[in-house]
Amino acid sequence: MTHERLHGRERDLRTIEAMLDRARDGHGGALVVAGDAGIGRTALLEAAVRGAGTGWRTLGTTGVPGETGVPYAGLHRLLRPLSEQVAQLPPAHRDALAAILSGAPRAEPFVLFTAVCELLGRAARKGPLLCWADDVHRLDAGSLEVLAFAARRVEDEPVAVLFSVRDGEPDGGALAGIRRLRLAPLAEDASRRVLRDALGGTAPDICLDGSAGGDLTEEIVDLACGRPLAIRELAGALTSGQLSGAAPPPRALPPSSSLRALHRGRYRALPSGARRLVLMTVAEEWLGAATMERAVRADGIGGGDLDAARDSGLLRFEGDGVAVRNRLVRSSLWADATREERRDAHALLAGVLVQE
């Protein structure tokens, strides 16, 4: 399996490689690659496809936000390359899949589910088959249910199925019973190597050994919190002054960052009281549970706002304390907050701390 330029994921790649080896021998399996936004789930799936090599046939699909409500849109994308083999299936299965591929799904669910199993098994007769589905939290529910159903039934076929899902996103329980591989944040050494690759040969003054340019390197690695996408987004926005050491390192992801936009979207989707609680926590970084409870009793904030803040994925509730999920989230939310929002956060914090 090719591990080129995928730093810090050797153990994860070996896990996938072992699954592919078993599937090649006729003992198929499935795996859910789970992790936070920007952690490298898609890159790991791409590495698996590259590593499978020419002896494998690969079929893939990706969740698209605009198609989440379109029945079987993801399944349609994955099965289109097999459209010619649909005609070889038994009539009931053939009709069910022909309807999906023509854009008019109407089959009974179980008939459709078993038709997909039959089709994948036939497709694997000419050689092992790797099916992958990226960002399944954005797939339409029907496609995810069908693919998960098939994935749980490939143990006697040369078929491997890979899913990727973002932490904290609901899947309706569709992936229950499928083994999970959770991607941890990159270690510091791997993060440095990702940064080195991202900078390429454009920054001769940057050294990754802690000497010249070490402050910038350490700041980026620390700020990115082990997310390779964050490292690349930070590296891509560095100014010449920052690269030379004449300007201070970045304190947040660039405004154009997709990760920063994700955090901003989650924050703005909250009710106003929940936003006040989140930004108050951002201002202090860590709060005791009693302090948070006093804040909930403040004007315009209620228990429902605390539940919304908890479910947003922006905060960590641990024991007797509440903290922002990580420095990347904290810096993004504070950078996007208006002056008025920051002032209100400090005022709310001051009020509950005075009571304490």
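# A tour by selection

Start with strand β4, residues 159-166: this strand is mostly covered, with eight of its eight residues buried. The model on screen is a predicted one. Colour the two faces of β4 separately. On one side are Val159, Val161, Phe163 and Val165, on the other Ala160, Leu162, Ser164 and Arg166, and all of these are buried.

Next, add the strands that pair with β4. Strand β1, residues 29-35, runs parallel to β4 and pairs with it over seven bridges. To find the register, select Ala30, whose bridge partner in β4 is Val161. Strand β3, residues 129-134, also pairs with β4 in the parallel sense, here over five bridges. For this pair, select Leu129; its bridge partner in β4 is Val159.

Move from β3 to Asp135, which sits in the loop between β3 and α7 (141-151). Asp135 is not a glycine, yet its phi is positive, near 50°. Is this residue buried or exposed? Asp135 counts as buried because its relative accessibility is 11%, below the 20% cut-off.

A second positive phi is found at Cys225. Select the loop between α9 (214-224) and α10 (228-236), where Cys225 is located. Its phi is about 55°, although Cys225 is not a glycine. With a relative accessibility of 18%, Cys225 counts as buried.

Now go to the loop between α11 (240-244) and α12, and pick Ser256. Ser256 is exposed, at a relative accessible area of 68%. Draw a distance from its C-alpha to that of Arg342: the two residues are 86 apart in sequence and 21 Å apart in space.

Continue into helix α12, residues 258-268, and show helix α16, residues 327-336, with it. The two helices pack at an angle of about 70°, and their axes are 9 Å apart. That angle makes α12 roughly perpendicular to α16. Show side chains at the contact: on the α12 side are Leu259, Arg260, His263, Arg264 and Tyr267, and on the α16 side Leu328, Val329, Ser332, Leu333, Ala335 and Asp336. Sorted by class, the residues of this contact are six nonpolar, two polar and three charged.

The next selection is a second sheet. Select β6, β7 and β8: these three strands form an open sheet in the order β6-β8-β7, with antiparallel pairing. Its edge strands are β6 (286-288) and β7 (315-318), each of which pairs on one side only. On average, neighbouring strands in this sheet are turned by 20° against each other, direction ignored.

Look at the pair formed by β6 and β8, the latter covering residues 321-324. They are joined by three bridges in the antiparallel sense. Which residue of β8 is the bridge partner of Trp286? The partner is Ala323.

Add helix α13, residues 272-284, which packs on the sheet and touches β6, β7 and β8. The direction of α13 makes about 110° with that of β6. Then add helix α14, residues 289-296; this helix lies across β6 and β8 and runs at about 85° to β6.

Within α13, select Thr281. At 0% relative accessibility, Thr281 counts as buried. Leaving out residues up to four places away in sequence, the contacts of Thr281 are Trp286, Leu287, Met292, Leu315, Val322, Ala323 and Val324. Ala323 in this list is the β8 residue that bridges to Trp286.

For the last stop, keep α13 and show helix α15, residues 303-311. Their packing angle is about 60°, with 8 Å between the axes. At that angle, α13 is oblique to α15. The crossing of α13 past α15 is right-handed. Where the helices meet, α13 contributes Gly273, Ala274, Leu277 and Val278, and α15 contributes Asp305, Leu306, Ala308 and Ala309. The residues of this contact divide into six nonpolar, one polar and one charged.

Key: Residues are numbered from 1 along each chain as its sequence is written. This is a predicted model: local features need pLDDT of at least 70, side-chain atom pairs count only at pLDDT 80 or more; totals for chains, interfaces and linings use all residues. Side-chain values use heavy atoms; hydrogens and water are left out. Two strands pair if DSSP finds at least two bridges between them. Helices (H or I, at least four residues) and strands (E, at least two) are DSSP runs, numbered from the N terminus. Axes are lines fitted to C-alpha atoms, for helices over the stretch in contact, and angles run from 0 to 180 degrees between N-to-C directions. Contact means heavy atoms within 4.5 Å. Angles under 35 degrees count as roughly parallel, over 145 as roughly antiparallel, 65 to 115 as roughly perpendicular and the rest as oblique. A crossing is left-handed if the near helix is turned anticlockwise from the far one by less than a right angle, and right-handed if clockwise. Ala, Val, Leu, Ile, Met, Phe, Trp, Tyr, Cys and Pro count as nonpolar, Asp, Glu, Lys and Arg as charged, and the others, Gly among them, as polar. Buried means under 20% relative accessible area, exposed over 50%, partly exposed in between (1.4 Å probe, protein chains only).
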